[in-house]
Amino acid sequence: MHQNEIMHSQRCWKHIMNIQLYKQRLLDLEKTLSARIGQQVDQGRREFIDSAHDVGDASVADEVASEEFTEAEHNSEVLRQVRDALGRVEDGTFGTCIVDGGPIEEPRLEAVPWTPYCLKHAQRLEVAASSRTPTL
């Protein structure tokens, strides 16, 4: 084997190992988020059921329940993204930007392993989203 072939094999092996590490992180996140969502929904329901019949207490309970359901909704969205990332691991496209197929930067994957976008395209999407968001 030539030196170039050895170096290429080592890079491929490292890439495969990194993907397996990301896959395990994603699986752990999936498990954690699923449990957290269940707890938040249960807590929100309990707030409704256990609230006192006093108008003030009911108002506080309603606010707490609303916060629990909002957190559960946010976590559900992240869970969906984690599951999408696991799908990309399975089909061999994990770590590539879904916009142009270029590589997603390693630090970005470390921070947000479920991301489908490289930094350049994520920033463009954020700018586009902020320009569509109405302001008061």
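**Close-up views of a four-helix chain**

Of the 136 residues in the protein chain, 27% count as buried. Please keep in mind that this is a predicted model.

**Figure 1. The whole chain is built from helices, without strands.** Let us start with the overall layout. The protein chain has four helices and zero strands, and its elements follow the order α-α-α-α from the N terminus on. Helix H1 covers residues 3-50, helix H2 covers 55-91 and helix H3 covers 106-111. When contacts between residues at least 6 apart in sequence are taken, 55% of them join residues at least 24 apart. The accessible surface of the protein chain amounts to about 9600 Å², and carbon and sulfur atoms account for 56% of that surface.

**Figure 2. Tyr22 and Phe94 form the one aromatic pair of the structure.** How far apart are the ring centres of Tyr22 and Phe94? They are separated by 5.5 Å, and the ring planes meet at 45°, so the pair counts as tilted. The two partners come from distant parts of the chain, 72 residues apart: Tyr22 belongs to helix H1, while Phe94 sits in the loop between helix H2 and helix H3. Is Tyr22 buried or exposed? Tyr22 is buried, at 3% relative accessibility, and Phe94 is buried too, with a relative accessible area of 4%.

**Figure 3. The largest nonpolar core brings together 19 residues.** The residues with the most contacts inside this core are Leu26, Val82, Phe94 and Trp114, so you will recognise Phe94 from the aromatic pair. Which elements give two or more residues to the core? These are H1 and H2, and H2 gives the most, with seven residues. As background, nonpolar side chains in soluble globular proteins tend to be buried together.

**Figure 4. Trp114 touches residues that lie well away from it in sequence.** Setting aside residues up to four places away in sequence, which neighbours does Trp114 touch? They are Leu26, Leu29, Val78, Gln81, Val82, Ala85 and Arg88. Among these neighbours, Leu26 and Val82 are also listed, together with Trp114 itself, as residues with the most contacts inside the largest nonpolar core.

**Figure 5. Cys97 and Cys118 are cysteines without a disulfide.** A search of the whole structure turns up zero disulfides. Why is there no bond between Cys97 and Cys118? The closest cysteine sulfur to that of Cys97 is in Cys118, 3.9 Å away, which is too far for a bond; a disulfide here would need the two sulfur atoms within 2.5 Å. Seen from the other side, Cys118 is in no disulfide, and its nearest cysteine sulfur is that of Cys97. Both residues are hidden from the surface: Cys97 counts as buried at 2% relative accessibility, and Cys118 counts as buried at 6%.

**Figure 6. Asp100 lies in the loop between H2 and H3.** Asp100 is partly exposed, with a relative accessible area of 46%. A polar atom of the Asp100 side chain lies 2.9 Å from the backbone nitrogen of Gly102. Apart from its neighbours within four places in sequence, which residues are in contact with Asp100? They are Lys120 and His121. For one more distance to try in your viewer, the C-alpha atoms of Asp100 and Tyr117 are separated by 9.0 Å, with their positions 17 residues apart along the chain.

Key. Residues numbered from 1 in each chain as written. Predicted model: local features only at pLDDT ≥ 70, side-chain atom pairs only at ≥ 80, totals over all residues. Heavy atoms only, no water. Phe/Tyr/Trp six-rings, centres within 6.5 Å; stacked < 30°, edge-to-face > 60°. Buried < 20%, exposed > 50% of the residue type's maximum accessible area, 1.4 Å probe, protein only. Core = buried A, V, L, I, M, F, W, Y, C linked by side-chain atoms within 4.5 Å. Contact = heavy atoms within 4.5 Å. Areas by Shrake-Rupley, 256 points an atom, 1.4 Å probe, with all protein chains shown as cover. Polar contact = N/O pair within 3.5 Å; in protein donor to acceptor, adjacent residues only side chain to side chain.
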